[in-house]
Amino acid sequence: MGMQLASTEIEARTAQVVAAHHGLEGPLLPILHGIQEEFGFVPQEALPVIADALNLSRAEVHGVVTFYHDYRRHPAGRHVLKICRAEACQSVGGDAMAERIQKLLGIGFHETTGDGAVTLEPVYCLGLCACAPSAMLDGEVIGRLDADKLDAIVAEVQG
């Protein structure tokens, strides 16, 4: 999102998402997914709207947003790179790949580069265990991750 959204617009769009999911059994998680789909993250301004609609405290909603790593509290970069942190990937060099990509990008997990190019996220299993270590860039899976593939990924996201 290039421009900053006004609180009133966030609140109005949040209310629409809440209304669309309110009738569901256990609506909080589907609402939060809907909010993230709408904005690309869960804006702070959305929390009171959700809390009021579901008769929850803001702290309860905030707790759920911070507990689940799928929810972003800030807009993601133009690219989202997910590195698998599951045991199968770790056992064949995944830790070294994770350390290398953090050094190359200059950020840690759950962070976005200063230029907004890429957000780095851990993921726990992409289902590519036979091709470990693995990653996902903008929804596209990458198996047999090695130093050359990481360099190519960095060149792509910074290009």
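## How two helices cross

In which hand does α2 pass α3? The crossing is right-handed. Keep in mind as you look around that this is a predicted model.

Helix α2 covers residues 28-39 and helix α3 covers residues 46-54. Their axes come within 12 Å and cross at roughly 150°. That angle is over 145°, the cut-off for roughly antiparallel, so α2 counts as roughly antiparallel to α3.

## What sits in the contact

From the α2 side, the contact is made by L28, I31, L32 and I35. Facing them from α3 are A46, I50 and L54. Sort these by class and you get seven nonpolar residues, with no polar and no charged ones.

## The buried side of α3

Now for α3 itself. Its buried residues are A46, L47, P48, I50, A51 and L54. Three of these names should ring a bell: A46, I50 and L54 are also the α3 residues that touch α2.

What do the buried residues of α3 pack against? Helix α2 is one of the partners, and the others are α1 (7-21) and α4 (58-67). Just after α3 comes N55, which takes a positive phi of about 60°.

## An aromatic cluster

Time to switch to the rings. To describe a pair of aromatic rings, you give the distance of the centres and the angle of the planes. Searching the whole structure turns up two aromatic pairs. In one of them, the ring centres of F67 and Y68 are 5.0 Å apart and the planes sit at 90°, so this pair is edge-to-face.

Y68 also pairs with Y71, again edge-to-face, at 6.2 Å centre to centre with 85° between the planes. Put F67, Y68 and Y71 together and you have one aromatic cluster.

## Buried or exposed?

How do the cluster members fare for accessible area? F67 is exposed, at a relative accessible area of 60%. Y68 is partly exposed, with 36%, while Y71 is buried, with just 7%. The cut-offs explain the labels: over 50% is exposed and under 20% is buried, so the 60% of F67 makes it exposed and the 7% of Y71 makes it buried.

F67 links back to the helices too, as α4 runs over residues 58-67.

How values were computed:
Residues are numbered from 1 along each chain as its sequence is written. This is a predicted model: local features need pLDDT of at least 70, side-chain atom pairs count only at pLDDT 80 or more; totals for chains, interfaces and linings use all residues. Side-chain values use heavy atoms; hydrogens and water are left out. Rings of Phe, Tyr and Trp (its six-membered ring) pair if their centres lie within 6.5 Å; planes under 30 degrees apart count as stacked, over 60 as edge-to-face and the rest as tilted. Buried means under 20% relative accessible area, exposed over 50%, partly exposed in between (1.4 Å probe, protein chains only). Axes are lines fitted to C-alpha atoms, for helices over the stretch in contact, and angles run from 0 to 180 degrees between N-to-C directions. Helices (H or I, at least four residues) and strands (E, at least two) are DSSP runs, numbered from the N terminus. Angles under 35 degrees count as roughly parallel, over 145 as roughly antiparallel, 65 to 115 as roughly perpendicular and the rest as oblique. A crossing is left-handed if the near helix is turned anticlockwise from the far one by less than a right angle, and right-handed if clockwise. Contact means heavy atoms within 4.5 Å. Ala, Val, Leu, Ile, Met, Phe, Trp, Tyr, Cys and Pro count as nonpolar, Asp, Glu, Lys and Arg as charged, and the others, Gly among them, as polar.
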